[in-house]
Amino acid sequence: MNPVNRHWTSGMLSTEDWWAVWLGLVMFAAGLVSIIGVDLVGWMARPSTWAEFSWASALQPAGDAYADWHPLASLAMTYAVFTVLTTLGAAAMGMNVRRFIGGWTILFLLTWAAWDQSVTRRI
């Protein structure tokens with residue numbers, strides 16, 4: 001069979017593009033649940049603007065229900081949830097999971113460092 005003319009459903013569990021769709025839909029659905037009053041994504045860390053560094057001013061949970069969480073706990077939960085989700089996709093695609101988690105961790109930390117810096121520069 002010509003790989004260019006594959007059926008549109010081929011690779012739904014084995015390609016990176018489809019896993020991006022599935023993971024995006026999972027997180028979108030979790031966010032939609034908040035419409036009925038259940039906050040499933042408020043634990044996610046988000047950077048905020050700060051003048052002098054402190055963890056509480058640099059990071060905070062996204063949802064009000066999680067406001068009493070320590071900012072690093074929110075960041076750790078964000079890392080854990082996204083690590084599990086993306087590792088499921090990596091395993092389904094046949095990747096080396098140990099190498100994936102190592103690379104994912106570096107990418108996660110670099111992304112957060114860059115995102116946090118971009119927010120603080122808007123002061």
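Where is V38 found? In this predicted model, V38 sits in the loop between α1 (16-32) and β1 (45-47). Is the residue buried, partly exposed or exposed? V38 counts as partly exposed, because its relative accessibility is 40% and the partly exposed class runs between 20% and 50%. V38 also belongs to a nonpolar surface patch. Its partners there are F28, L32, I35, I36 and L40, and the patch covers about 630 Å².

Now turn to the interior. In soluble globular proteins, nonpolar side chains tend to be buried together. Here the largest nonpolar core has eight residues: A45, L59, L75, A90, F100, W104, F108 and W112. Helices α3 (71-92) and α4 (97-120) each supply at least two of them. The biggest share comes from α4, with four residues. Another core lies apart from this one. That second core has six residues, including W19, M27, A30 and V41.

Back to W104, one of the residues of the largest core. Beyond residues up to four places away in sequence, W104 touches Y79, F82, T83 and T86.

Y79 deserves a separate look. Y79 is found in helix α3. Its relative accessible area is 25%, so Y79 is partly exposed. Leaving aside neighbours within four places in sequence, Y79 is in contact with I101, W104, T105 and F108. With T105 there is also a polar contact, side chain to side chain, at 2.5 Å. Y79 can be placed relative to A45 as well: the two are 34 residues apart along the chain, and their C-alpha atoms are separated by 9.1 Å.

How values were computed: Residues numbered from 1 in each chain as written. Predicted model: local features only at pLDDT ≥ 70, side-chain atom pairs only at ≥ 80, totals over all residues. Heavy atoms only, no water. Core = buried A, V, L, I, M, F, W, Y, C linked by side-chain atoms within 4.5 Å. Buried < 20%, exposed > 50% of the residue type's maximum accessible area, 1.4 Å probe, protein only. Helix = DSSP H or I, 4+ residues; strand = E, 2+ residues; numbered from the N terminus. Contact = heavy atoms within 4.5 Å. Patch = residues over 30% accessible without salt bridge, like charges linked within 9 Å, V, L, I, M, F, W, Y side chains within 5 Å. Areas by Shrake-Rupley, 256 points an atom, 1.4 Å probe, with all protein chains shown as cover. Salt bridge = Lys/Arg side-chain N within 4 Å of Asp/Glu carboxyl O. Polar contact = N/O pair within 3.5 Å; in protein donor to acceptor, adjacent residues only side chain to side chain.
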